[in-house]
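Good morning, colleagues. Please bring up the sequence and the model, and I shall take you through several local features in turn.

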Amino acid sequence: MDIISEKRTRVQLREYDVIDTETTDFPHTYPGYDDAWSQDKFEKKFKVNIIKKEDLNLEYDMIGVDAAITNAIRRILLAEIPTMAVEKVFIYNNTSIVQDEVLAHRLGLIPIKADPRLFEYRQEGDAEGTAEDTLEFQLQIKCTKNPHAPKDATTPEDLFKNSKVYSGHMKWIPIENQGELYKDSDIKTVYDDILIAKLRPGHELDMKMHCVKGIGKDHAKFSPVATASYRLLPEITLLREIEGEQADRLAKCFSNGVIEVVNYPDGRRVAKVKNARKDTCSRNVFQHDDLKDSVKLTRVKDHFICSVESTGALPPDTLVCEAIKVLMGKCRLFLNELDSAGVGRL
Amino acid sequence: MWNIVKDPTVTKPVKELKDKWKLLPAFLQVKGLVNQHVDSFNYFITVDIKKILMANSKITSDADPLFYMKYLNIHIGNPDVEEGFNVTKPTCPHECRLRDMTYSAPITVDIEYTRGQQRVVRNNVPIGRMPIMLRSSKCVLTGKSPAELAKLNECPHDPGGYFIVNGIEKVILCQEQLSKNRMIVEEDSKGGIACQVTSSTHERKTRTNIIVKHGHYYLKHNSFSEDIPIAIVFKAMGVESDQEIVQMIGTDDHTLSVFAPSLEECHRAQVYTQTQALRWMGNKIKQRRIWGGGPKKTPIEEARDLLITTILAHIPTEQFTFKVKAMYMALMVRRIIEAQTNPKLIDDRDYYGNKRVELAGSLLSLLFEDLFKRFNSELKMIADKNIPKIKAAQFDIIKHMRQDQITNGLITAISTGNWTVKRFKMERVGVTQVLSRLSYISALGMMTRINSQFEKTRKVSGPRSLQPSQWGMLCPSDTPEGESCGLVKNLALMTHITTDMEEEPLIKLAFNLGVEDVHLLSGEELSHPDVYMVFLNGGILGVIKDYQRLVHTFRILRRAGYINEFVSIFPNHTHRCVYIASDGGRLCRPYIIVKGGRPMVTQAHLEELNRGVRQFEDFIHDGLIEYLDVNEENDSNVALYQTSISVETTHLEIEPFTLLGVCAGLIPYPHHNQSPRNTYQCAMGKQAMGTIGLNQRNRIDTLLYLLAYPHRPMVKSRTIELINFEQLPAGQNATVAVMSYSGYDIEDAIVMNKASLDRGFGRCLVYRSQKCTLKRYTNQTFDRVLGPMIDATTRKPIWKHEVLDADGISAPGERVESRQVVVNKSMPAVTMNPIQTTPGQPQQVEHREVPIVYKGLEPSYVEKVMISSNNEEAFLIKLLMRQTRRPEIGDKFSSRHGQKGVVGLIAQQEDMPFNDQGICPDLIMNPHGYPSRMTVGKLLELVGGKAGVLEGKFHYGTAFGGSSIHEISKELIKNGFNYLGKDTLTSGITGEHLSGYIYFGPIYYQKLKHMVMDKIHARARGPRAVLTRQPTEGRSREGGLRLGEMERDCLIGHGASMLLLERLMLSSDAFQVDVCNQCGLLGYSGWCHYCQSSRQIASIQIPYACKLLFQELQSMNIIPRLKLSKYFD
């Protein structure tokens, strides 16, 4: 690869700094390169590979796209996809030691399994809420002494009943026709083993909660993802043949499976790059003076390894689709703005 | 005593002792962190108080020679409270805190006295109440298990050592002072040498000086009007021959020639005999007014009395023989003579061996003795007055013993901190302080604090600087900045402070070990160059020829447990003396004994300790470990590490990190930090909020800061474990990215992640209490609490009373806004005079509303309401108000390395950078904070924390130890991270790779108590002071922002006269006055009262304060006259 195209397509990780991080593929950055955007070129280059898809986790590659686009999807995932979360807590009784505000805060952060697309945003100033914009949960629990506790019991779990309040104790109360629209399995907390509070005999919780639709920008509890992020595909180039003890040392500098030491028929043991994708970019090879000049660490600028961890309200693939929809909506809005401002499209 | 062993095994390397630090928890288990306070108080209430009683045990009366009263014994009971008349109930500290009572126990005495002709013995007669120190031997908390403590609402980690007086926790701070009864040779301001002794006995405290003036030696004492030539004093003490005097001082040529002029002076004064000398001195005594008191004494008697009781009071004089006192004085002279030729012999006042620490027990005993003496003299006065009267009932002194004098004396002293002991002319203020409960560390830090008696204003660096002799005894880091820097110190982790011990057995022992009694010696033998003098607590015991044997045997006996472990003995070769010390207030510290190049503690011992079959005390009893005080430490050769043991080594340090105190012990890797940073952290750790005690939710404090989700630090230290900081943490592990972000992070500001705040980072709870008492007055009226006022139209409580319950007190859970009433109290309008009642009609008492109103920018919630009663008031109502706060811009945070900063920006999570795993920082810190501060410890904490998080364990950052960077790096590499802790980050804003590697990992951050919400203040219009009509001052009074002198100067410099006029008058206290241009006085409504005319009246605007000044001047016969002229003329 020549220097220019390497500069254009690779981020280089050097010992003390990273170079060529900026995106340069727009017209007139480099002479002799046509960076004008074209649909054809994009379609040819653009690829999405789904690497791993689980209930809550999704890993996919986006290749041939600008960092801005990938980042926009990430940002929207974090901040602009709505979910349902506890927003209002009506505390009728709380004799536990957890303060009302702290309890309400904890309840807010519990992920709620409910499809936010089926609900509306609540109107500002509306305290009551309607079936379209509100889910109501109830938490009524009282801790008592366990009359059947074994004689030698010492732990609070044995001695008392309901000594721990979990998210599973939250009960969904349908309002109006919600009972007909949704099944009990549709609307619940994602996990039922999140500890909310610890109680002791005589302590009692009695409260109602209103879940509303909101976005992560407003409060992190509305964020549909635990995290959404991406990294660039690492690339390792060995600049010379590394063999013997050095090869072993080199392999140790990277995560398992990145470098393999191949036994040649002539008895030499030579390091080969096996799977650079597994590299964590820890750059530990720079520890060794004799190796640091024989390895070149780069990352591919337009190959994004994205990962999305859903909190459980929606599956991660749906979330990405939703994010793209939001992005498209934003684009459309922007184009309309351009149109109305009288600025012509390209 | 260094026996050079020729044993070949010495050269063989000894296996390094592992887990030597485990001795430390064992030490703290038996001693505790605040042991010095508790020990000294225990000593006071068990031993010292009995001594005081015995010293003042008999009361007689001048009126009846047969009358007497004798104290037989004294007891301190168990803490209780009085509920009604003569009904008491045992109490616990928490009850006293809540009910604003004093945690005290009755002092009872057994007495024997005469009633008429009868001899009566009465036991357990109360004479007062003694405030009880928490966790002392009389406290209900001692020896209780954590579960039992929980039942008493007490935190098991609470150190105790303080008092509860009227519901307030008070600490008697340790006071550092120069040791009593010791000679100090020093240079005075004129360059002359002087020897000073501050003698202190139970009766008296005096200072005796011997000075040099023009080559003559004088005794200087403030009871003499002029300095007394020393030879005259010797003669007055019965040492009449000059030869004897010289023999005592020293017979070498130099001494003789230097001292000769002083003898000559005596001859010139024609003083040859004791009587002459006494008369000479008697004439120089300052005349003191003596009321009444005994027959008038002759000057000779007076001088003799003075010599016995006042001069060098700590040297006892038996039957008018001054021999020992004369020898002591001769030694003082000798020290001066020696110091004159050899300046090295001048003592260092700041040397810590010359210091004693006065603790709660000794301070209380001074106070108690004073009160007890006053109590007795009052009893005597009553007896004198009442016995001659003839009454039906016989005089019974027991009926005149009032309890309140001693009780109130003790309580007021502790609650105000004013220590007034008349007989010592001692008047100290600020002896006690309110225990700071801001955090657990602040409370603990306060208990280990040592206050110096030195004046803060004097500009000398000596007492403030770190003395090498403070090594291991006082924390080198923990001292405040500013005026009291270096004067307020803190104890190190293993320091123990001694209490007084019996001298009698030590004296006997010393004589048995070959010390020749001073009483049997002549002066010559005393100053003989072959012998060493032996001192016990500043008094001369005698001389010894083979001092090494004495010291050696003494130490052997101590190690074997025949002598108390805190008795110290050490030779001073420049003084040619052996000093034995058993007095209280010495700082000491345990060390492992090393014999023949091997530490006495072996791995086997440590294993026994591990298994729990060996206690720390056993190490002492078995002679493996011993305590050394500062002086003895300087006679020893202590190895810091086992590897550095040589043939000369006598002791081995238990663990080097114990030289730091409690607060500095929290810092991870403090040995990598620049030292002032550790000092800053010591001050800041006390402001960090978190957990203050396991009983924090049961307390009703005036102000309490708690963290919603406190964390254990990822990088901890041994000290952190030892002081239970992990159970009562104050801070959170924040994921920190050290990078520049946005520009809102300059000057130490930090950028916070909004999502982290949403998830509870830095969230804190602020509790404030409101108090209200309902009193009953002398005229049978009383305060009352009424229910809410109901609005006539809506039938609902008015807004102000919205939060009130039917009983007129706000209910728990209620949200209270500013200016709402929490207790609707009203007071009778007339409380003093009896109320006229018309018979037949029910009593009508007018009441005035005095509601308890909540004030604050943000609303609070009522957490709990306590209704109780205490001794004085009928009812006591306390409300606990709660606020929950999330961090906002301007809140102050700090790491554990003296790096504080305010929040400069709260950034959205999506804007934050993230690493390859998608981790976002909670907090971004600007790297400019590092180079100039050199807090390398923080860098190490970050990597240590990061490796710990990845491995699921805690790393140690213990001082002079801790996890090594290599170890940490290995763990990072193992987990696929860069070995330096630097990650590759992606910008959350552009989505591009950042062009630098970012130092990224968890650092323990403390939220400090300074929050914007408590400080924010602005005003446009608002209240004004009544007198001057100028805006009020201060945030609490919604005051104005002052345009001060310097700002004024600035405006003058700019010539902005109209702005000046506006700021200083129009916006402040502009006032329209009428001025009579004829007389220049102020008129009123267009009329000059002086001129009786309205012709020359002009109306002008002046500051009201100016008008006020004119009127005040007039009131003292100064007439300010105003002359007006037209501006445009």
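Is A:Asn162 buried, partly exposed or exposed? At a relative accessibility of 33%, A:Asn162 counts as partly exposed. Please bear in mind throughout that this is a predicted model.

I begin with this residue on account of its backbone. The phi angle of A:Asn162 is near 60 degrees, a positive value in a residue that is not glycine. For context, most residues other than glycine have a negative phi. As to location, A:Asn162 belongs to the loop that runs between strand S9 (160–161) and strand S10 (164–166) of chain A.

Chain B offers a further case. B:Met934 is not a glycine either, and has a positive phi of about 60 degrees. The loop between strand S48 (923–925) and helix H23 (936–951) of chain B holds B:Met934. With 46% relative accessibility, B:Met934 is also classed as partly exposed.

Let me stay with chain A for two more items. Helix H4, residues 100–108 of chain A, is largely enclosed by the rest of the structure, because seven of its nine residues are buried. The buried residues in H4(A) are A:Asp100, A:Glu101, A:Val102, A:Leu103, A:His105, A:Leu107 and A:Gly108.

The other item is A:Glu59, located in strand S4 (residues 57–63) of chain A. Which side chain does the side chain of A:Glu59 meet in a polar contact? The partner is the side chain of A:Arg277, at 3.1 Å. If neighbours within four places in sequence are set aside, the contacts of A:Glu59 include A:Asn49, A:Ile50, A:Ile51 and A:Lys52. Its contacts also include A:Ile305, A:Cys306 and A:Ser307, along with A:Arg277.

I now turn to chain B as a whole. Chain B contains 28 helices and 54 strands. Its C-alpha atoms fill a box of roughly 100 × 95 × 75 Å along the principal axes. Of its 1129 residues, 54% count as buried. Taking the contacts in chain B between residues at least 6 apart in sequence, 69% join residues at least 24 apart.

The aromatic residues give a specific instance of such long-range pairing. Over all chains, the structure holds 23 aromatic pairs. One of them joins B:Tyr71 and B:Phe372 in a tilted arrangement, with 4.9 Å from centre to centre and 50 degrees between the planes. B:Tyr71 is in strand S2 (residues 68–76) of chain B and B:Phe372 is in helix H11 (residues 360–386) of chain B, so the pair ties together parts 301 residues apart in sequence. Both partners are buried: B:Tyr71 has a relative accessible area of 2%, and B:Phe372 has one of 0%. The two rings also belong to one aromatic cluster, together with B:Phe41, B:Phe44, B:Phe163, B:Phe368 and B:Phe375.

Rings in chain B also meet charges. B:Lys58 places its charged end over the ring of B:Tyr68, 5.3 Å from the ring centre. Likewise, the charged end of B:Lys284 sits over the ring of B:Trp280, at 4.1 Å from its centre.

Next, the empty space. How many cavities of 30 Å³ or more does the structure hold? There are eight, and the largest encloses about 90 Å³ of space. That cavity is lined by 14 residues, and the closest to its centre are B:Gly32, B:Leu33, B:Gln36, B:Leu493 and B:Thr495. Helices H1 (23–31) and H2 (35–55) of chain B each supply at least two residues of the lining. H1(B) gives the most, with three residues.

Helix H2 appears again in the surroundings of helix H13 of chain B. Helix H13 spans residues 440–447, and eight of its eight residues are buried. What covers them includes H2, strand S8 (168–172), strand S18 (432–434), strand S19 (449–452) and strand S20 (489–490) of chain B.

I close with B:Glu726, in the loop between helix H21 (718–722) and strand S34 (732–738) of chain B. Although it lies in a loop, B:Glu726 is buried, with a relative accessible area of 13%. The side chain of B:Glu726 makes a polar contact of 3.2 Å with the side chain of B:Lys716. Not counting residues up to four places away in sequence, B:Glu726 touches B:Arg712, B:Lys716, B:Ile720 and B:Glu721. As for B:Asn975, 249 residues from B:Glu726 along the chain, the C-alpha atoms of the two are separated by 26 Å.

How values were computed: Residues are numbered from 1 along each chain as its sequence is written. Chains are lettered from A and ligands numbered from 1 in the order in which they are written. This is a predicted model: local features need pLDDT of at least 70, side-chain atom pairs count only at pLDDT 80 or more; totals for chains, interfaces and linings use all residues. Side-chain values use heavy atoms; hydrogens and water are left out. Rings of Phe, Tyr and Trp (its six-membered ring) pair if their centres lie within 6.5 Å; planes under 30 degrees apart count as stacked, over 60 as edge-to-face and the rest as tilted. Helices (H or I, at least four residues) and strands (E, at least two) are DSSP runs, numbered from the N terminus. Buried means under 20% relative accessible area, exposed over 50%, partly exposed in between (1.4 Å probe, protein chains only). A charge sits over a ring if NZ of Lys or CZ of Arg is within 6 Å of the ring centre and within 35 degrees of the ring normal. A polar contact is a pair of N or O atoms within 3.5 Å; within protein, one must be able to donate a hydrogen and the other to accept it, and residues adjacent in sequence count only if both atoms are side-chain atoms. Contact means heavy atoms within 4.5 Å. On a 1 Å grid over the protein atoms alone, a cavity is a set of points where a 1.4 Å probe fits but cannot get out, and a pocket is an open set with protein on both sides within 12 Å along at least five of seven lines; lining residues have an atom within 4 Å of a point. Grid points are joined across faces, edges and corners, and a volume is the space filled by probe spheres set on the points.
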